Amino acid sequence: MTKKQKKQLYRIIAAAALLAAGLLIGMGLPASSRTAASWRWAASTALYLAAYIAVGGSVLLKAASNIRRGHIFDENFLMAIATAGAICLGEYREGVAVMLFYQVGALFESVAVGRSRRSIADLMDIRPDHANIMVDGLWIEADPEEVPVGAEILVKPGERVPLDGTVSGGQSSLDVSSLTGEPKPRAVSAGSLVYSGCVNLDGAITVRVDKAYGQSTAARILDLVENAGAKKASMESFITRFARYYTPAVVACAACLAVLPPLLLPGAVFGDWVYRALTFLVISCPCALVISIPLSFFGGLGGASGRGVLVKGGNYLEALARAEIVVFDKTGTLTKGSFDVSEIAPIGLSEPELLELAALAECYSAHPIARSLREAHGKAPDTARVGEVRERAGFGVEAAIDGEAVYVGSKAFIEEKSGVAPGADMPDAAVHLARGNRYLGYIVVADQIKESAGAAIAGLKALGIKKTVMLTGDSGEAGGRVAARLGVDEVYAGLLPADKVDKVEGLMKEKSAKGKLVFVGDGVNDAPALARSDVGVAMGALGSEAAVEAADVVIMDDDPLRLVAAVKGAAGTVAIARQNTAFALGVKGLILLLGALGFAGMWAAVFADVGVAVLAVANAMRALR
């Protein structure tokens, strides 16, 4: 508990003791004389008033302070008027009891909210304390914000990596769970990229700083989390507007309830109707809605962040819950973005010979497919055998190998250079080879599908997603093969970034009025589509900064399955918020009616106010899980 909460608890205990003492004196044995009875009444009344001031003084002061500032109609005003009115009518015990239970409920709410905030703070405790930097031959602690790019820092075992960089010495394993939600440690050694916010588990490592603190992963994540609360869901905004008009309305209704029946109904007792009006005010406090609805979304945001999914606001959490169409980029999102040789089909020579020719021809190329061919060959190419090399971007390579012209590339490139057309049955999405005017065969180099991609597509469909779509700049053959394996409903291939935006706009016309389109991408070329969609999801926050900035939801690792968890969690959060709204309004509406008719007194009012608020807050905290 905080100091403030402890003080509130002490006041509650003191007030409870004074109330109990007043009850004992007031309900003791019959007095032997009128003087003794008067003394007993005066003593019990004094104890009740002392209890009321002890437990309700802060509420009265807040109500007075708010009235001076022009903020009249809030829960403090309602409780002050209702309980003070009860005391003025001589209902001391009920006035004190209502204020006491109200403060007990407020304490429970405060503790619940504080616990949820601490849970989120613990989950996002990634802010680095210091950085160890070399000065005059000694490692000293410095503020991470003052460490320049290019500097060498030392990260000891047990310390948090303070800045993004590249390991320049040593080896260790890092706990990356605070960033990605993944419990498995990640091994790093010289040349490995490391990200701020991770915890070094084993050996000391030296890191060359690649980014200033303000651009580091930890700083970007903290900024996203801190700003998420400012973007409210429509349900949160509705509750804020609702409370603004609801409180004055119930005050006016209570005033009418106190005044009109005694004037209009024969035999109506003014005191009885004033008591009903005061009960009406206690029941009407909107605490349950005002606290529990924002807390539901706050908990949902925190629960998602603990699983490696950062949602930039409650509005995007609500939008995720309404997702109908999910559109994926292919490379780096559903696939690993790393190419491996999956098939070798030589004609007239062996597989190793065909692969060696391809590796030699591509020995100087930086293209990912060229690197894959060299890695599959498994040996450093003998560049002494390679003469002049000409590369035509996007088509292929012409190289002189052992004095003969070797062509490596697309079907059209091979036909143009060698004069020999590969057969129609040969795959288009393959690397074809020819030497002179002789066709040598082909090598299939494919982007590897992520292990969890298929489960992610199936999981989204199980959650009720109506359509899944894949957009890719790759060939139709490659895109169709991936889509077929994953069970994606539609695929559009050969797209430029602007084409992806056009496709997203076309798909948005297919959703319902309340439905949402989600686009999931990872690269710079996905940023326009991420920004155009209803909900943009950046896959792998440890990748493109442009994608992260344009996205509304950030998945901290490259696992597509986390999107399923995000959609499911968003739907659960919205369901909890709706449950609280229906429960609070339903119970309050019923007891308001019973109170106005005289069937519910102050004790029912306590349940309708404090009890409903505590139950709603407890339900809201489920969103953290």
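Helix H1, residues 3-26, gives the most to a positive patch on this model, with 5 residues. The model is a predicted one. The patch lies on the surface and gathers Lys3, Lys4, Lys6, Lys7, Arg11 and Lys62. Lysine 62 sits in helix H2, which covers residues 34-68. How exposed is lysine 62? Its relative accessible area is 44%, so lysine 62 is classed as partly exposed. For patch membership the cut-off is over 30% relative accessible area, with no salt bridge.

Next, helix H12, residues 368-377. Which of its residues are buried? They are Ala370, Ser372, Leu373, Arg374 and His377. An arginine and a histidine are therefore on that list, each under 20% relative accessible area. The cover over these buried residues includes two helix and strand neighbours from earlier in the chain, helix H11 (351-361) and strand E12 (335-346). Strand E16 (431-435) and strand E17 (438-449) are also part of that cover. After H12 comes glycine 378, with a positive phi near 80 degrees.

Last, threonine 472. This residue is in the loop that runs between strand E18 (467-471) and helix H15 (476-486). Is threonine 472 buried or exposed? Its relative accessibility is 2%, so threonine 472 counts as buried; the cut-off for that is under 20%. Leaving out residues up to four places away in sequence, threonine 472 touches Lys330, Gly479, Tyr492, Ala493, Gly494 and Leu495. Of these contacts, Gly479 falls within the range of helix H15, 476-486.

To recap the two single residues: lysine 62 is partly exposed at 44%, and threonine 472 is buried at 2%.

Conventions: Residues are numbered from 1 along each chain as its sequence is written. This is a predicted model: local features need pLDDT of at least 70, side-chain atom pairs count only at pLDDT 80 or more; totals for chains, interfaces and linings use all residues. Side-chain values use heavy atoms; hydrogens and water are left out. Patches are made of residues with over 30% relative accessible area and no salt bridge: like charges are joined within 9 Å, nonpolar side chains (Val, Leu, Ile, Met, Phe, Trp, Tyr) within 5 Å. Accessible areas come from the Shrake-Rupley method with a 1.4 Å probe; for residues, only the protein chains shown count as cover. A salt bridge is a side-chain nitrogen of Lys or Arg within 4 Å of a carboxyl oxygen of Asp or Glu. Lys and Arg count as positive and Asp and Glu as negative; His and the chain ends are not counted. The place of a charge is taken as NZ of Lys, CZ of Arg, CG of Asp or CD of Glu. Helices (H or I, at least four residues) and strands (E, at least two) are DSSP runs, numbered from the N terminus. Buried means under 20% relative accessible area, exposed over 50%, partly exposed in between (1.4 Å probe, protein chains only). Contact means heavy atoms within 4.5 Å.
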